[in-house]
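Take a walk through this model with the sequence at hand. Begin with the fold as a whole, then move to the details.

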Amino acid sequence: MATLPVYRWRMAPDGYATRRQLRARGLRPGGQGVAAQLERPRRRRGPLVAYLYRIDLAKPVRPMTPARWAALAKANAARRLCPACRRDAGYVIPPTLGTCVPCAHPEQYAA
């Protein structure tokens with residue numbers, strides 16, 4: 001098993017990028033494996049690790065199709081639907097509450 005090359009924070013050579021950096025360029029890893037690793041030291045814990053991919057092997061991001069747009073809209077609509085009152089809250093339901101704000105705090109919204 002070969003080990004990955006490890007670079008210190010901000011010291012990676014040209015030609016490597018993280019997933020976020022690839023995405024900012026309109027690219028994706030495209031099935032390639034992790035090419036290197038970036039480590040940022042921390043005082044009391046283990047280092048932060050970021051995986052690097054080769055830019056020359058990256059592929060363009062797949063375009064959004066109408067079906068993918070529809071699926072995304074349906075998923076976002078489900079995040080706005082309150083499980084208690086079954087109404088569209090008009091905002092994404094906070095996971096900490098689990099329901100819309102009027103259902104979570106009925107004493108404040110009593111009519």
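What follows goes from overall form to the sheet, the pocket and a few single residues.

The model is predicted. Its chain holds three helices and six strands. In sequence order, these elements run β-β-α-β-β-β-β-α-α. The pattern therefore opens with two strands and closes with two helices, where helices are DSSP runs of at least four residues and strands of at least two.

How does the radius of gyration of the chain stand against that of a compact globule of 111 residues? Such a globule would come out near 13 Å, but the chain has 22 Å. The C-alpha trace spans about 65 × 45 × 25 Å along its principal axes. Burial can be put in numbers too: 18% of the 111 residues count as buried. Contacts across the sequence tell another part of the story. Take the contacts between residues at least 6 apart in sequence; 47% of them join residues at least 24 apart.

Now turn to the sheet. Four strands form an open sheet with mixed pairing, in the order S1-S4-S5-S2. Its edges are S1 (6–8) and S2 (16–17), each of which pairs on one side only. Follow the order from S1. This strand pairs with S4 (residues 36–40) in the parallel sense, over three bridges. Here Tyr-7 stands opposite Leu-38 of S4. Next comes the pairing of S4 with S5, which is antiparallel and has five bridges. Ala-36 stands opposite Leu-52 in S5. The last step joins S5 (residues 48–54) to S2, again in the antiparallel sense, over two bridges. In that step Ala-17 has Tyr-53 as its bridge partner in S5. In general, side chains in a regular strand alternate between the two faces of the sheet.

Where is there open space? Rolling a probe the size of a water molecule over the atoms shows where empty space is left. The largest pocket holds about 170 Å³. Which residues line the largest pocket? Trp-9, Arg-10, Ala-12, Pro-13, Asp-14, Gly-15, Tyr-16, Thr-18 and Gln-21 are among them. Leu-38, Ala-50 and Leu-52 complete the lining. By class, the lining divides into seven nonpolar, three polar and two charged residues. Two residues of the lining have already appeared in the sheet. Leu-38 lines the pocket and is the residue of S4 opposite Tyr-7. Leu-52 lines the pocket as well, and this residue of S5 stands opposite Ala-36.

Arg-10, another lining residue, deserves a closer look. Most residues other than glycine have a negative phi. Arg-10 is not a glycine, yet its phi is positive, at about 65 degrees. Its place is the loop between S1 and S2. Is Arg-10 buried or exposed? Arg-10 counts as exposed because its relative accessibility is 75%, and the cut-off for exposed is over 50%.

Arg-86 offers a second case. Its phi is also positive, about 60 degrees, although Arg-86 is not a glycine. This arginine sits in the loop between H2 (66–80) and H3 (101–104). With a relative accessible area of 57%, Arg-86 is exposed.

Finish beyond H3, in the segment that holds Gln-108. Gln-108 is exposed, at 58% relative accessible area. From Gln-108, look back to Gln-21, one of the pocket-lining residues. The two glutamines are 87 residues apart in sequence. In space, their C-alpha atoms are 45 Å apart.

Note on methods
Residues are numbered from 1 along each chain as its sequence is written. This is a predicted model: local features need pLDDT of at least 70, side-chain atom pairs count only at pLDDT 80 or more; totals for chains, interfaces and linings use all residues. Side-chain values use heavy atoms; hydrogens and water are left out. Two strands pair if DSSP finds at least two bridges between them. On a 1 Å grid over the protein atoms alone, a cavity is a set of points where a 1.4 Å probe fits but cannot get out, and a pocket is an open set with protein on both sides within 12 Å along at least five of seven lines; lining residues have an atom within 4 Å of a point. Grid points are joined across faces, edges and corners, and a volume is the space filled by probe spheres set on the points. Ala, Val, Leu, Ile, Met, Phe, Trp, Tyr, Cys and Pro count as nonpolar, Asp, Glu, Lys and Arg as charged, and the others, Gly among them, as polar. The radius of gyration is taken over C-alpha atoms; the globule rule is 2.2 Å times the number of residues to the power 0.38. Buried means under 20% relative accessible area, exposed over 50%, partly exposed in between (1.4 Å probe, protein chains only). Contact means heavy atoms within 4.5 Å.
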